[in-house]
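Trainee: I would like to test a few labels against the values behind them.
Mentor: Good. Ask, and we will check each one.

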Amino acid sequence: MSRASQIRDRQAAPRPTPPAELLAPPADSALRDTAWLVCGGLALLVLLWTCRGYPRGIPVADDYSFLAWRAFHPLDLFDSMGATYYWRPLSRQLYFSVFGRTLLEAPWIAAFAHAGMLLLTYAALWRIARRGFSAPIATAIAVFPLLSEPARALLAWPSGAQHLLAGMFAALALHEAFAARAITALLFAGLGMLSHESGALALCAVPAIAGWQRYRAGNEASSDARRMTRHVAAAMIGALAIGALWVFGYRTAQVHGVALPPRAPEGLSLLRLADLGSRAIPAALDLEDLAPVARTTLSIGYVLIAALALMCVIALPARRRVRALTFGAAGLAWFVLGALPLSQLLPDWNAWRAWLPTLGLGLGLGAALASLHPGLAIGFAGLRLVALVFASPGPAMVAIAAPATPSHMSYRRLVRLQRTVESTRQAMLAMHPALPRDAAVRFWNLPRLAEVGFQEHAALRVWYRDSTLTWGRFGGVGGLDQKVDALVEYRDNTAAPAQALESPAFEAFLRGGNAMMAGRLEEAEAEFQRAEGATRTRGLLYASLAFNRSWLAVDRREPARAESLLRVSRESGQKADADYWALVARIAIERNNRPTATAALSRCLALEPNHVMGREIARVLAANGSPPGNAGEQTR
């Protein structure tokens, strides 16, 4: 072959494309790409629709630890911001300094910011996926975080910013890494680590991506190869430097009191890893909080997609098969490395804790399916869309018991806490615009597992900007002599369960209770009547007043009046507990209705075998004697 022919061949041969521009979308597709990018963002509207029925961003639980620390302590960038564990200055100190003033009066601002974080995460993932796939398929891959059921809790809960910020910065770091911009990639990875420890995944990924780009550059173009070699070295040195700075910061934070959760005694046992997988995988597929029928149906759909993917792996050429397996392995490795530390927290499980590990899994799995066949990626996104639509909505009413969900702070439980805590704030500020220093606020009939929403005294202190206030249980008979400056009762199965009681009403109730315990029954009756006239509520206080007056009436041998008051008490929320059935038995004895008395006594002792008055009634029935005790023994 002549020299001229060789030159012509080299000029005609395609030149190697720089790694940063591999599979980049053509310039003339910008408008179409924008349209698909926006269409994917419509998934956020679906996510918001599944969160319908209650305003987002209301602080609860951990939020009040951060807000109280911000209100009553000087800002320290190296402490845990009032939490027990972890140093996360970006998502705690900075976030709550920026949004703290708005969370109580305009919580929607924080929720709007969280939606923006989700959209930016999606946009970064879309641009990554668009490097290797068409715009529609890139949308199907990148929409993963917007179709995530755990995203509902992160969207609604201010503390969810810790995970959303880490996920957003990780996505931006990956985007910059694939564009061969190591400095900005490392910067974003570092910001993610300052938001949540799982951001270290992105820091490790930056040099790994640089190494992959160096491999893709090959040896054909020596200048590109040398440039990419320098890029890999810079990425590795930069990652080590960022990691060293973060470790130094964490060590400094530990001196300031930051701690890490205690390790599980058995370490990373196979049993714990199996337990983690049984929780994390269904959560990643949006199956965790579905009704059994929907869960089974969607599981079958996922199995069908997996079967079709396996058939494609067998039938497709080796090149596409290797590409798909590489994407899948990368996503799985990201997920496993990120989720492994969560096994140390079991059995305490919350699906949103695996937010960042799940993002990598979704991106890798979606790319793997799209490499096998575009329809598989679209089908996978479609199944997750259906799962999100069928996810259980937040409860419209606050039930006595918390809903049974695998995640301890699931979206449904979070909404229940938000309704409870926010209704308490509104009721307290409406009834008591101000409280004296060292005031003691008591609560009564709080829904189960709802106390965590107040973070002990933190919520009350934030509301009134007073670090001397205390929040605690009323305690029934044991609370008659304790300090009570305000009293809150909770109604069952209502949207806003909290009711702050009028001071004259609960003060008269306390005086009446003490008089009843001392045997001053006429005085007790007068105080109870005074309390009834002072309250507008018809909840637990009103029920207790009627109940205690019923005991007084039966002690005066007025069974008809006692029965009427007991009926009022029951209609106002008095529970059919052991005390209730003991009173029913007493009234029946006064009416000489032994069968009814015996049946009521059986229910009383079944609920509380050692019930004092129940045992006394049993003794009287056995002896067929006079009615037992007096009303003073039964004050509520």
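**Labels and their grounds**

Mentor: Keep in mind that this is a predicted model. Start with a pair of strands. Strand 1 (residues 440-444) and strand 3 (residues 486-490) run in the parallel sense, joined over four bridges.

Trainee: What makes strand 1 and strand 3 a pair?

Mentor: The cut-off is at least two bridges. Strand 1 and strand 3 have four bridges, so they count as paired. One bridge joins Trp444 to its partner Glu489 in strand 3.

Trainee: Which strands are the edge strands of the sheet?

Mentor: Take the order: 2-1-3-4, in an open sheet of four strands with mixed pairing. Strand 2 (470-473) and strand 4 (498-500) each pair on one side only, and they are the edge strands. Between neighbouring strands of this sheet the average turn is 25°, direction ignored.

Trainee: What packs on the sheet?

Mentor: Helix 18 (residues 411-431) does. Contact needs heavy atoms within 4.5 Å. Helix 18 touches strand 1, strand 2, strand 3 and strand 4. The direction of helix 18 makes about 15° with that of strand 4.

Trainee: How do you know that the span of helix 10 agrees with its number of residues?

Mentor: Helix 10 (residues 182-195) has 14 residues, and at 1.5 Å a residue it should span 20 Å. The multiplier is one less than the number of residues. The end C-alpha atoms are 20 Å apart, so the span agrees.

Trainee: Which residues of helix 10 are buried?

Mentor: Among them are Ala182, Leu186, Gly190 and Met193. Buried means under 20% relative accessible area.

Trainee: Why is Asp438 called partly exposed?

Mentor: Its relative accessible area is 49%. Exposed would need over 50%, and buried under 20%. The value for Asp438 is 49%, so partly exposed is the label. Asp438 sits in the loop between helix 18 and strand 1. Asp438 also has a positive phi of about 65°, although it is not a glycine.

Trainee: And why is Arg557 called partly exposed?

Mentor: Arg557 has a relative accessible area of 47%. That lies between the cut-offs of 20% and 50%, so the label is partly exposed. Arg557 is in the loop between helix 22 (540-555) and helix 23 (559-571). Its phi is positive, about 65°, although Arg557 is not a glycine.

Trainee: What makes the peptide bond from Leu346 to Pro347 cis?

Mentor: Look at omega: it is near 10°, and the bond is cis. Pro347 lies in the loop between helix 15 (318-339) and helix 16 (355-372).

Note on methods:
Residues numbered from 1 in each chain as written. Predicted model: local features only at pLDDT ≥ 70, side-chain atom pairs only at ≥ 80, totals over all residues. Heavy atoms only, no water. Helix = DSSP H or I, 4+ residues; strand = E, 2+ residues; numbered from the N terminus. Axes fitted to C-alpha atoms, helices over the stretch in contact; angles between N-to-C directions. Buried < 20%, exposed > 50% of the residue type's maximum accessible area, 1.4 Å probe, protein only.
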